[in-house]
Amino acid sequence: QVQLVESGGGLVQAGGSLRLSCEVSGRAFSTWTMGWFRQAPGKEREFVAVISRGGSRIYYADSVKGRFTISRDNAKNTLHLQMNSLKPEDTAVYYCAASSVVYTSIATMSTPLKYTYWGQGTQVTVSS
């Protein structure tokens, strides 16, 4: 059984920063491609960023490119999302997810359907 637990969410003013973490237990963390998604009230779950098993390949949604940074520490079984220059439209519940799908282009990992395990989510609220 694989468990994902997010932390680090909270309330921040526009322009501020937050760092989300996702701790993974169960099967070896380094075998999973890891992604971050978010879901705002009344909206579908939206892709944010994905990182390959070794961390060498990364892909971001256009809406967060240049502001967010995804990273992973395979020795500590932890995934991170550094969020800078936050905007009110970044307000959402943020989820980390794990996938074992084999891909040729990491951009194809931007759909929630390719992820098997999900965390419970952490709320991020950005005030204007």
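**Entry 1: the pocket.** I started with the largest pocket and sorted its lining by class: two residues are nonpolar, three polar and eight charged. I note here that the model is a predicted one. The space in this pocket comes to about 190 Å³. I then looked up which of the 13 lining residues sit closest to the pocket centre, and found Arg38, Ala40, Lys43, Glu46 and Glu89.

**Entry 2: strand β4.** Arg38 from that list led me to strand β4, which covers residues 33–39. I checked burial along the strand: six of its seven residues are buried, so β4 is largely enclosed by the rest of the structure.

I looked next at the pairing of β4. With strand β5 (residues 46–51), β4 pairs in the antiparallel sense over five bridges. Arg38 stands opposite Glu46 of β5, and I had already listed both residues among those closest to the centre of the largest pocket. β4 and β5 make a hairpin, with six residues between the two strands. In the turn I found a positive phi of about 75 degrees at Gly42.

With strand β9 (residues 92–99), β4 also pairs in the antiparallel sense, over seven bridges. As one register point I noted Met34, whose bridge partner in β9 is Ala98.

**Entry 3: the disulfide.** I searched for disulfides and counted one. The bond joins Cys22 to Cys96, with an S to S distance of 2.1 Å, inside the 2.5 Å cut-off for such a pair. Cys22 belongs to strand β3 (residues 18–25) and Cys96 to β9, so the link ties together parts that lie 74 residues apart in sequence. I read 60 degrees about the S-S bond, and the link is right-handed. I also asked whether the two cysteines are buried or exposed. Both Cys22 and Cys96 are buried.

**Entry 4: the sheet with β3.** I followed Cys22 into its strand. β3 and strand β8 (residues 78–83) run antiparallel and are joined by six bridges. Opposite Cys22, in β8, stands Leu79.

I then wrote down the whole sheet. It is open and has four strands in the order β1-β3-β8-β7, with antiparallel pairing. The edges are β1 (3–7) and β7 (68–73), each of which pairs on one side only. For the twist I took the average angle between neighbouring strands of this sheet, direction ignored, and got 15 degrees.

**Entry 5: cross-reference.** Two of my entries meet at β9: this strand pairs with β4, and it holds Cys96, the partner of Cys22 in β3.

Note on methods: Residues numbered from 1 in each chain as written. Predicted model: local features only at pLDDT ≥ 70, side-chain atom pairs only at ≥ 80, totals over all residues. Heavy atoms only, no water. Buried < 20%, exposed > 50% of the residue type's maximum accessible area, 1.4 Å probe, protein only. Pairing = 2+ DSSP bridges. 1 Å grid on protein atoms, 1.4 Å probe; cavity = no way out; pocket = protein on both sides within 12 Å on 5 of 7 lines; lining within 4 Å. Points joined across faces, edges and corners; volume = space filled by probe spheres on them. Nonpolar A, V, L, I, M, F, W, Y, C, P; charged D, E, K, R; others polar. Axes fitted to C-alpha atoms, helices over the stretch in contact; angles between N-to-C directions.
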